[in-house]
Amino acid sequence: MYHSKNPVDVPPVDVNPEGTARRKRVVRRLLLTSGTLMIAALVIAGISLAEPAFGLGAYISLYATPFPSPAYREYALPSKPVTPTPAPVGSPVPSSTATVTPAFTPSPTPEPTIEPTPTVSPIPIPTRTYGDRTCYLTFDDGPSKLTSQILDTLRDKGVRATFFVIGVNIDGRESVLRRARDEGHIIVNHSNTHNAEVIYASEENLLADIAACNARITEALGSPPPPIFRFPRGSSNVAARPYHDAVKAAGYAYFDWNVLNGDAEGTGKKTEEELLERLMSTQDAVSKKKEIIVLMHDTGSKINTANTLSRAIDFLMAQGYAFETLDKKLAGAVNAVTPPPTIPAFVTPPAVVGTEAPPVVFAP
């Protein structure tokens with residue numbers, strides 16, 4: 001084959017026309033076969049789309065279904081009721097049975113198990129029987145923020161008590177004193193200031209302090225209290241001994257105690273168990289006496305006394321004691337009781353702060 005050096009001027013010459021014709025026939029067959037296959041595919045796809053139970057239609061129907069899928073339609077509620085089309089008059093009514101799918105009912109969540117709080121009474125209460133015996137339960141230094149709790153326990157136990165109050169603690173707590181009076185308890189004198197260094201500085205200071213406390217009680221209750229007094233730190237305290245006669249001459253009976261729970265002993269705060277143990281041990285020391293006077297304290301720091309009061313009463317009841325207030329004991333008081341004389345007006349002494357010693361137990 002000759003090729004011109006200038007292909008523009010001389011057109012190419014097919015040197016193998018038979019091969020070229022054969023290649024064209026092959027291409028035409030391929031195109032015809034491809035077109036036939038494409039038409040067949042389109043026909044099959046149309047049939048599948050028309051009947052989704054087969055082939056590609058089933059695949060498209062499965063994955064084109066909006067949520068929820070058929071697996072979850074059992075628990076789905078219909079969006080709106082379907083109204084059936086009424087059949088023509090005279091036509092037979094087809095019999096059909098509607099399938100009602102039960103609504104989903106979740107399993108109930110079990111209630112949590114609450115463990116009961118065990119009631120622990122670490123101090124066993126011995127039971128004794130001694131016949132008729134009397135307990136005079138007394139509370140010193142109130143009223144306080146715990147007085148209402150103490151009164152609640154006394155009410156629940158049906159017990160009456162004697163409250164030796166401090167005059168300066170009455171302000172703002174008059175209502176709780178009236179409640180104590182109305183529930184059968186008695187409110188009596190434990191000094192106006194409880195400042196032993198000032199009160200015991202002279203007879204005049206002591207009597208004036210007693211008179212000031214009486215005035216505060218009278219103002220709160222509307223009537224004077226019974227003529228009963230308890231010396232701060234107890235009457236056997238060395239500083240109080242010179243004034244026994246002056247107090248008796250003023251017309252007051254004074255009472256100490258011979259049983260206590262020890263809530264004012266020492267410098268540390270006693271636990272509830274320690275308070276009960278101290279009460280039991282001091283009661284055991286005078287167990288042969290038919291009368292006991294029990295000392296506890298009614299101040300904001302004596303929360304353990306308030307918390308153990310119910311168990312303390314249970315213990316004393318188990319020993320055969322009935323409870324009374326100290327005014328029932330006035331007829332048998334060791335000192336004569338006469339109407340209180342006129343006492344000089346109270347003059348506020350200079351403030352002296354001292355450290356109060358634990359009370360001395362004294363059996364009247």
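Helices here are DSSP runs of H or I with at least four residues, strands are runs of E with at least two, and both are numbered from the N terminus. With that, I can place Pro143: it lies in the loop between β1 (133-142) and α3. The bond joining Gly142 to Pro143 is a cis peptide, with omega at about -5°.

What you have on screen is a predicted model. The protein has 9 helices and 8 strands. It has 364 residues, of which 36% count as buried. If you take contacts between residues at least 6 apart in sequence, 79% of them join residues at least 24 apart.

Next, the cores. The largest nonpolar core has 35 residues, and those touching the most other members are Leu137, Phe139, Leu154, Phe163 and Val294. Helix α9, residues 303-318, gives the most to this core, with 6 residues. There is also a second, separate core of 14 residues, and Phe229, Phe231, Tyr252 and Tyr254 are among them.

Back to Phe139 for a moment. Leaving out residues up to four places away in sequence, Phe139 touches a list that includes Ile150, Leu154, Phe163, Met296 and Leu309. Polar and charged partners also appear in that list, including Thr162, His297 and Asp298.

Now helix α4, residues 174-182. Which of its residues are buried? Val176, Leu177 and Ala180 are. They sit on the same side of α4, because the arc they cover around the axis is only 105°. In general, an α-helix has 3.6 residues a turn, so residues three or four places apart point the same way. The buried residues of α4 pack against α3 (147-157), β2 (162-165), β3 (186-189) and α6 (203-221). Just after α4 comes Gly184, with a positive phi of about 100°.

Two residues that are not glycine also have positive phi. Ser191 has a phi of about 95° and is placed in the loop between β3 and α5 (196-199). Arg233 has a phi of about 75°, and its place is the loop between β4 (228-229) and α7 (244-249). Are these two buried or exposed? Ser191 counts as buried because its relative accessibility is 1%, under the 20% cut-off. Arg233, at 13% relative accessibility, counts as buried too.

Last, a pocket. The second largest one holds about 160 Å³ of space. It is lined by 14 residues, and the closest to its centre are Asp263, Gly268, Lys269, Lys270 and Lys302. By type, the lining divides into 2 nonpolar, 7 polar and 5 charged residues.

Conventions
Residues numbered from 1 in each chain as written. Predicted model: local features only at pLDDT ≥ 70, side-chain atom pairs only at ≥ 80, totals over all residues. Heavy atoms only, no water. 1 Å grid on protein atoms, 1.4 Å probe; cavity = no way out; pocket = protein on both sides within 12 Å on 5 of 7 lines; lining within 4 Å. Points joined across faces, edges and corners; volume = space filled by probe spheres on them. Core = buried A, V, L, I, M, F, W, Y, C linked by side-chain atoms within 4.5 Å. Buried < 20%, exposed > 50% of the residue type's maximum accessible area, 1.4 Å probe, protein only. Contact = heavy atoms within 4.5 Å. Arc of directions from axis to C-beta.
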